[in-house]
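User: Hi! I'm new to reading structures and would like some help with the reasoning behind the labels. Could you walk me through this one?

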Amino acid sequence: MKGLGITVTEHLLIHQKESPAATGRLTRLLQELIFAAKIISREVNKAGLVDILGLTGDINIQGERVRKLDDFANHVLIYRMERTGVVCAMSSEENADIIPVPEDMHQEDYLLTFDPLDGSSNIDANVNIGTIFSIHRKVSDRPYVTLDDFLRRGSKQVAAGYFIYGPSTMLVYTTGKSVNGFTLDPSVGEFLLSHQNITIPERGKVYSVNEAYTSYWDEKTKRVVDYFKSQENERGKPYAARYIGSFVADFHRNLLYGGIFMYPADKKDPAKPRGKLRLLCEVAPMAYILEQAGGAATDGEQNILDIKPSALHERVPVFMGSKLDVEKATNIMQGKD
Ligand code: AHG
Ligand code: MN
Ligand code: MN
């Protein structure tokens, strides 16, 4: 019957033959992720009403004060994903080390990396936040999981996506063939296909970067940002500045409308010389989505998906979004333009 919409599961089954990675087990994994996201979405949507805002008082591996919703989202994801029966280990932005699934739980060879709640500094202000996930298959034949199993190039992902909790809760993901968006219909508790085969405009009209850090950037980075602000660019007029400070929200807007998101290397924190965003749980999954949507993502030198990670929480500078805008930014960073 028309108008009943296509659920994620139905969509996966319809496209299973197209996506080599979309096996029944991946469907199982995504269904559990969706269940966890529904629980997180429920808490996010009532965060203003119960005392789940504010801080737990803990400091996480990133050295950031952990907000209760961060903690809650992290625990929900770990608890649910241990019970999929197909995940053998996880890595979370909130945990220093990898999280093996307990021996007594059935497991197969999927590896899940996630940022349980991105943009958490915005929670109290009711700004869109999200959950980012990246899925790999374990390739080593060791009977146990090691850090090395997670340190793999973004090009080897089998699926990646994010949930965005805002005016509506959405899921956007790819299994390596196309990018599709599903919107949660809370009245039936199902994510229904709402954005089929998302492609990002080749050139955008928006640039997203935190210009408060201008004095910490090198000259090339300043030239990149000046390009998007000038009248002498290919558009003949400045790009609009849009920066929410919630990566998932900034990314999602640019994916749909076009544009470039940048978090360059800066000198504001000697502990983070390569910028703030984490390769494995934030940047690589979004780069994988962009590649499937016709966009691009570099660290100013190379394709994000080609970077071989050397640490679980490695940070990388990022220039990502519309293909022509990322090419321009990368050329300037490389002194070619
Ligand atoms: P998280 O909440 O997972 O720590 O991520 C926050 C990130 C990202 O969402 C956003 O783009 C960036 O922090 C904003 O950083 P600045 O405040 O330095 O611009
Ligand atoms: Mn984040
Ligand atoms: Mn986070």
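Analyst: Sure! Keep in mind that this is a predicted model. A good place to start is the largest pocket, where ligand 1 sits.

User: What makes you say that ligand 1 "sits" in the largest pocket?

Analyst: The word applies if more than half of a molecule's atoms lie within 2 Å of the pocket's grid points. Ligand 1 is placed in the largest pocket, so it passes that test.

User: Why is ligand 1 said to lie between domain 1 and domain 2?

Analyst: Because domain 1 (8-195) and domain 2 (206-333) both give residues to the shell around ligand 1.

User: Which strands help build that shell?

Analyst: β5 (110-118) and β13 (260-263) each supply at least two residues. β5 gives the most, with three residues.

User: What makes the Asp-118 pair with ligand 1 a polar contact?

Analyst: The cut-off is 3.5 Å between N or O atoms. A polar side-chain atom of Asp-118 lies 2.8 Å from an oxygen atom of ligand 1, so the pair counts. From the backbone, a polar atom of Gly-119 is 2.8 Å from a ligand 1 oxygen, and an N or O atom of Leu-117 lies 3.3 Å from one.

User: How much of ligand 1 does the protein bury?

Analyst: Taken alone, ligand 1 exposes 470 Å², and the protein buries 89% of that.

Definitions and conventions. Residues numbered from 1 in each chain as written. Chains lettered and ligands numbered in written order. Predicted model: local features only at pLDDT ≥ 70, side-chain atom pairs only at ≥ 80, totals over all residues. Heavy atoms only, no water. Polar contact = N/O pair within 3.5 Å; in protein donor to acceptor, adjacent residues only side chain to side chain. Areas by Shrake-Rupley, 256 points an atom, 1.4 Å probe, with all protein chains shown as cover. 1 Å grid on protein atoms, 1.4 Å probe; cavity = no way out; pocket = protein on both sides within 12 Å on 5 of 7 lines; lining within 4 Å. Helix = DSSP H or I, 4+ residues; strand = E, 2+ residues; numbered from the N terminus. Domains from an automatic or database assignment.
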